[in-house]
Amino acid sequence: MNWKRSLVAFAAGLPFVALLAFGMTRDPNQIPTSMPGQDAPTFTLPVLNAADTVSLARHAGEVVVLNFWASWCVPCRIEHPVLLQAASRYADSDVHFYGVVYQDTEDNAQRWLNQLGQGYPSLLDPGSRTAVDYALTGVPETYIIDRQGKVVFHRAQPITDLAEFIQLIEAARAGTLGPGGASS
Amino acid sequence: MLRLIGLASVAAAFAIAIFGIVAAVVAVKRRDAGLMRSARAAVYTNFVLMSVSNLAMITALLTHDFSIDYVAQVGSRATPAYITVISLWSALEGSILFWGWVLSAYTAGAIWFARQRAGALGAYATATMLFVGGFFYLLLLGPASPWGLVSPVPPDGPGPNPLLQNHWLMGVHPPLLYLGYVGFTVPFGFAVGALLSGQLDDTWVRLSRKWTLAAWTFLSLAIVAGMWWSYDVLGWGGYWAWDPVENASFLPWLTATAFLHSVMVEERRGMLRAWNMSLVVATFLLTILGTTITRSGILSSVHAFAEGPIGLFFISFMAITLLGSLILLAGRAGELRGEARLDRMASRETVFLFNNLILTAFTFTVLLGTLFPLVAEAARGVKVTVGAPYFNSMTIPLCVALLFLVGVGPALPWKGVEARELKTRFLVPGIGLLVATALALLAGVRGGWGLAAFAFAGFALVTNVREYVTATLARRRAVGGGFLGALTGVVRANPRRYGGFLAHIGLVLIAIGITASSIFRLDREVTLRGGESVAIHDYVVRFDQLRAEQEPHKVVVYAQLTAFTADGEELGRMYPALNYYEMRGGEPITTPAVRSRLDEDLYINLLAFEQNGANATLHVIIEPLVAWIWIGTGVVALGALISLLGGRGRRPAPIRVPTRPAQLGSRPRPVEVS
């Protein structure tokens, strides 16, 4: 045995173990975000498979739920039914749901929606500009924008708990969803 | 009672594992053969104990003993008996229990076969494998105990995860995966045994090669069974999504495949000895890493099991095995120096080197993509996801290069050929390459990678099939008889070689299936009223009616469809369905209807329906040549089986290199005669 080399190899392996240990201290689904509390970046984006555009300005004074997704994203499949249920509950209200397609082809996105159900419009984001504006870190991520046009909620993990999600939307509607503690 | 039996067996197994480790180590120090026999007895006893514990759990599941935590978690009175048995591995605790059983069986088998000829190496290997086993027994006693007491006893349980209940492959995929994953403990044990004992000749390779091949075969089958299941159940018409758990099963497969090739270089030429040892250790570590990632909640994945204190146990175990292996490998690297050099570029050794290079690059690519989110967060505090686009763009070139090597390798002999001979060796495969390219162009393939994949597939198919044909014809000329008899004779004479070529042929079939089904996939979504039809490709699909059936533990809603050819010839009924599991509530699980043929699959998924049955929304997909992925896997497994079963006692002849001045530090090797 060459103990000197062993020591070097041991030292070389430590960072890897440290990385895993670091992973243990983290909730893989939790993300630091600076978005809540800031003015929601404005956008005007074309609607997927429709000759229409949507701009955030149109919904001034209303609540907007923005969900970034992609057809290649597996967790998006899990949260989609929950989003659909929430959206159907707020049909014809002052809460508006939009999907934003992230890094995907229109065909694949449309096919995905046909397969999993389409309850609200999805927007195209050429060059991912809006995604960058919203400091997107991956998909799926969901933002709630309140009546004052501020981001009051940002979650970088699938929305799976319908009741909790409805509560958050209600709080945003009532203006009681403050920035800071609300993000997760 | 069952609870007590199960718990006591695991507790005893843990104690006996510790005794066995101490006994094996002391036996080496004192050269005490009697003590070594006790260490081996500990291994066999543990197999018996783990069998008892697993059978106790299966009995508890079958008798619906809901006072036991695990049974209350996954059992249900309405679940059929077969599903109840396989729910043994449907959740974390049960899967660890099953893991412990498989590991104890592997360890007992490996130690039994090695008992006569391993010496100190065998003793340390015994201790190593018992150490790994002891870790799993510890999990079963602590954070992953399935034996917790539930009070008050619930009258019924929720039944296992619906995804497990829905397809026969779920009875096959998990045990195959465990047989693969756990099997790599054996070569790891022998490698560590060699490193600890300093017995660094190729004894450990001989002891572990077949176990590695067996584990590799199980893992290959498991990965493809998982793909097939995903294709048949998840309803998206695909079979691979680069999910962390899929990657976790793929990583050790890559390193094990590299080992199975490079070990031949060691056997023949005495080269790559430290490298082979590293590959075996890496394979084992990757199985543990995969388990750590998916069981500890480090990365999120659809497959991930519940999080809990178990993560800490896994990471500690990972740290011990990783750092321990690094210390041993680095410390012994100097003594593992090879004795030969490459003679020519155009030789089989070179191809194996490139094969290993690409497989290693492949491993790093997948590992990086899987762990990158963690690295990015640690380094910059930001979360990123790495999706299919990264993996596809990075790995497709590597796959194509591997396919090329599968064609080149068998055509080149050991120690290489002269340049002028290359032409004759590659003339026929070259024609195969051109024919395949022409066929692909005619079929409408235009992308560069797609064309390259088909071209090299044709090339590799020809070289590997040609090995069979030329050898069989030569044998027929020599000994006469029928073609089939000569073929059998050829395979019998060298099963490792011809099993390997057969595995290559299977791999080429898989590659063709994957490439064709990715490039030529067609799909459409339609909503049909009763009696309406949709035409797609060469098919017409008519929606006849919607039906629902109440089964004991689920409600099945299915569409009755009739498929026709474009000419109106009836092909048969198809029944895509949605399953609603009562106890689990919520989302339906799809059962696509698949009409699988050798040329293409007609794949239909029921997406939605009107409650009154007036219409159904269908996703109709045409996927060419998908069946060849499953067939190819069967061929790979058959090839591996031939390699495994044949050739007992026969060893490949080492190729002696013309005498060179001995290198400093190299040790004399015994001359091998076979």
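Below are legends for a handful of close-up views of this predicted model.

**View 1. Chain A as a whole, with five helices and seven strands.** Reading from the N terminus, the elements of chain A go α-β-β-β-α-β-α-β-α-β-β-α. Along the principal axes, the C-alpha atoms of chain A take up a box of roughly 75 × 40 × 30 Å. Chain A has 184 residues, and 39% of them count as buried. Take the contacts in chain A between residues at least 6 apart in sequence: 75% of these join residues at least 24 apart.

**View 2. How confident the prediction is along chain A, and where the pLDDT drops.** The average pLDDT for chain A is 85, and 91% of the residues reach at least 70. Residues 180-184 of chain A are another story, with a pLDDT below 50. Even so, the model gives this stretch twelve contacts beyond near neighbours in sequence.

**View 3. Asn49(A), a non-glycine residue with a positive phi.** Here we're looking at the loop of chain A that runs between strand S1 (44-46) and strand S2 (53-55), where Asn49(A) sits. The phi of Asn49(A) is about 55 degrees. Count the other C-beta atoms within 10 Å of Asn49(A) and you get 15, so this residue is partly exposed.

**View 4. Asp92(A), with a positive phi in a loop of chain A.** Asp92(A) isn't a glycine either, yet its phi is about 55 degrees. The loop in question lies between helix H2 (74-89) and strand S4 (95-101) of chain A. Asp92(A) is exposed, because just 5 other C-beta atoms fall within 10 Å and the cut-off for exposed is 12 or fewer.

**View 5. Where chain A meets chain B.** Chain A puts 35 residues into this contact, and chain B puts in 41. On the chain A side, helix H1 (3-24), H2 and helix H3 (106-116) each chip in with at least two residues. The biggest giver on that side is H1(A), with 16 residues. Sorted by type, the chain A residues that touch chain B come out as 23 nonpolar, nine polar and three charged.

**View 6. Helices H6 and H9 of chain B crossing at roughly 130 degrees.** H6(B) covers residues 119-141 and H9(B) covers residues 185-197, and their axes come within 7 Å. With that angle, the two helices are therefore oblique to each other. The crossing of H6(B) with H9(B) is right-handed. From H6(B), the contact draws on Ala120(B), Leu121(B), Gly122(B), Tyr124(B), Ala125(B), Thr128(B), Met129(B) and Val132(B). From H9(B), the residues involved include Phe190(B), Val192(B), Ala194(B) and Leu196(B), along with Gly189(B) and Gly193(B). By type, the contact of H6(B) with H9(B) has ten nonpolar residues, six polar and no charged.

**View 7. Phe113(B) and Leu207(B), 94 residues apart in sequence.** In space, this pair is 8.2 Å apart, C-alpha to C-alpha. Phe113(B) belongs to helix H5 of chain B, which spans residues 92-114. Phe113(B) has 14 other C-beta atoms within 10 Å, so we call this residue partly exposed.

Definitions and conventions
Residues are numbered from 1 along each chain as its sequence is written. Chains are lettered from A and ligands numbered from 1 in the order in which they are written. This is a predicted model: local features need pLDDT of at least 70, side-chain atom pairs count only at pLDDT 80 or more; totals for chains, interfaces and linings use all residues. Helices (H or I, at least four residues) and strands (E, at least two) are DSSP runs, numbered from the N terminus. A residue is buried if 20 or more other C-beta atoms lie within 10 Å of its own, exposed if 12 or fewer, and partly exposed in between; C-beta atoms are placed from the backbone. Two residues are in contact if their C-beta atoms, placed from the backbone, lie within 7 Å. Ala, Val, Leu, Ile, Met, Phe, Trp, Tyr, Cys and Pro count as nonpolar, Asp, Glu, Lys and Arg as charged, and the others, Gly among them, as polar. pLDDT is the predictor's confidence in each residue, from 0 to 100. Axes are lines fitted to C-alpha atoms, for helices over the stretch in contact, and angles run from 0 to 180 degrees between N-to-C directions. Angles under 35 degrees count as roughly parallel, over 145 as roughly antiparallel, 65 to 115 as roughly perpendicular and the rest as oblique. A crossing is left-handed if the near helix is turned anticlockwise from the far one by less than a right angle, and right-handed if clockwise.
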